Structure formats: structure tokens, C-alpha cells
Amino acid sequence: EVANGNFDYKIDHSDAGDELDGLIGGINMLGEELKVSTVSKDFIESIYKGVVDTLVILRHDLTIERVNDSALMSLNYTARELENAPFRKIIGKDDYLILEAVKKTLIHEDNCHNIEINLRHKNGDFVPHSASFSVLYDNQRNNLGIILIAKDITQQKNFENQLLEAKER
């Protein structure tokens, strides 16, 4: 039952306290541990999928570990095309320099907010985004990489350009 994912299943044991009872107790404890970690994993996965903005997880070497569905839809890539690819695949040269500066900031601070970067659509067009970067830690505070959440600001930029044009007239 536990092997099939029924982590609430408990094996009855005797009161003899022999080796078999120890093994049964161990299996019951394993079921409890699996239940907790599976619930946590499912919870994190639902948050990950629920983020409506672009979400990218970067490794230390700035390769893309994972992207959410929103990132794939807005940039028109598949997960296979982006995961394990260098991040520079979807940013321009100037933006890569910004990313290097962000990395230096993240050495001393856990996050950077409202950094304007351009992400490259699969068709080659650049899409302006307002991005927040945070260090991604495990439960022992080991640095696992960087998480990037970015919002497409194309409409905002278009509006700003319209205002500038109207002001110049």
C-alpha cells in the first residue's frame, strides 16, 4: 500500500517487539515521512504552476534549471528548448551585463527588485520585463541558485512612449 502511494496506510504489528515489529514500525514511519514530503512537493508544485508571471530558476552557472508554463507561453518556447540552456539564450548582451551586476548584489542581499530586462521571444523579438531576483535556498540555507520572477511591461512601455510623443508635439 505504501509503495502504491497510500501513505496513510498503517501495518498492524504485534506486541512482541521483535525484529519484524521493528521493520513494520520502520515502514510505518517511512509512510509518514513520504506523506509529509509528498504533500510539500505537491504544494510547491501548485504554487509554481499558479504563478502567472514568468518564473525562471537559474543554476549557479546561469543555466536554466526550470521555467514555468507562463514563461513558455509568453516567450513561445517549449520546456525542452529552455531547460538546461544558458540563460543568455533568452536575454540580450546588455541584459546579461545587468544579470552579472544582479549576481554581485545577491552575494550580499537575498533579492533585487524591479530590474528592467528584456527577454527574447523565440521569434527573436525582445520583450521588456520588470524582474525580481532572489537567492534560492534549501532548508539548510545552502544556496541552490537564483529564482527570477518577471512581469511583461510591454503595455507600460508603449504607454510611456505615447506620453513622450504627445509631450514632444
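**Exercise 1. The D69 salt bridge**

Is D69 buried, partly exposed or exposed? Then find its salt-bridge partner and place both residues in the fold.

*Solution.* The model is predicted.
- Step 1: take the accessibility. D69 has a relative accessible area of 42%. Buried means under 20% and exposed means over 50%, so D69 is partly exposed.
- Step 2: find the partner. The side chain of D69 meets that of K49 in a salt bridge, at 3.8 Å from N to O.
- Step 3: place the pair. D69 belongs to helix α2 (residues 69-75) and K49 to helix α1, 20 residues apart, and the pair links distant parts of the chain.
- Step 4: check K49. Its relative accessibility is 53%, so K49 counts as exposed.

**Exercise 2. Two further salt bridges**

Which residue forms a salt bridge with K122? Where do E160 and K157 lie?

*Solution.*
- Step 1: K122 pairs with E81, and their closest N and O atoms are 2.7 Å apart.
- Step 2: K122 is in the loop between β3 and β4, while E81 is in helix α3 (residues 79-82), so this pair ties together parts that are 41 residues apart in sequence.
- Step 3: K122 is partly exposed at 42% relative accessibility. E81 is partly exposed too, with a relative accessible area of 26%.
- Step 4: turn to E160 and K157. Their side chains meet in a salt bridge of 3.7 Å, N to O. Both residues lie in helix α5 (residues 154-168), three residues apart, about one turn of the helix.
- Step 5: extend the pair. E116 joins K157 and E160 in a network of salt bridges.
- Step 6: take the total. The count of salt bridges is seven.

**Exercise 3. Strand pairing**

In what sense does β5 pair with β1, and over how many bridges? Repeat the task for β4 and β5.

*Solution.*
- Step 1: β1 and β5 (residues 143-152) pair in the antiparallel sense, over five bridges. T54 stands opposite A150 of β5.
- Step 2: β4 (residues 126-137) and β5 also run antiparallel, over nine bridges. Here V135 has I146 in β5 as its bridge partner.
- Step 3: look at the hairpin of β4 and β5. Five residues lie between the strands, and R141 takes a positive phi near 65°.
- Step 4: follow the side chain of R141. Its charged end sits over the ring of Y137, 3.8 Å from the ring centre.

**Exercise 4. Positive phi**

What is the phi of L62, and what is that of N114? Compare their settings.

*Solution.*
- Step 1: recall the background. Most residues other than glycine have a negative phi.
- Step 2: L62 is not a glycine, yet has a positive phi of about 65°. L62 lies in the loop between β1 (54-58) and β2 (64-67). Its relative accessibility is 3%, so L62 counts as buried.
- Step 3: N114 has a positive phi near 55°. N114 is placed in strand β3 (residues 111-120). At 64% relative accessibility, N114 counts as exposed.

**Exercise 5. A nonpolar patch**

Which residues form a nonpolar patch on the surface? How many aromatic pairs does the structure hold?

*Solution.*
- Step 1: the patch consists of F43, I44 and I47, with about 310 Å² of accessible area together.
- Step 2: I47 is in helix α1 (residues 19-50). Its relative accessibility is 40%, so I47 counts as partly exposed.
- Step 3: count the aromatic pairs. There are zero.

Methods:
Residues are numbered from 1 along each chain as its sequence is written. This is a predicted model: local features need pLDDT of at least 70, side-chain atom pairs count only at pLDDT 80 or more; totals for chains, interfaces and linings use all residues. Side-chain values use heavy atoms; hydrogens and water are left out. Patches are made of residues with over 30% relative accessible area and no salt bridge: like charges are joined within 9 Å, nonpolar side chains (Val, Leu, Ile, Met, Phe, Trp, Tyr) within 5 Å. Accessible areas come from the Shrake-Rupley method with a 1.4 Å probe; for residues, only the protein chains shown count as cover. A salt bridge is a side-chain nitrogen of Lys or Arg within 4 Å of a carboxyl oxygen of Asp or Glu. Helices (H or I, at least four residues) and strands (E, at least two) are DSSP runs, numbered from the N terminus. Buried means under 20% relative accessible area, exposed over 50%, partly exposed in between (1.4 Å probe, protein chains only). Rings of Phe, Tyr and Trp (its six-membered ring) pair if their centres lie within 6.5 Å; planes under 30 degrees apart count as stacked, over 60 as edge-to-face and the rest as tilted. A charge sits over a ring if NZ of Lys or CZ of Arg is within 6 Å of the ring centre and within 35 degrees of the ring normal. Two strands pair if DSSP finds at least two bridges between them.
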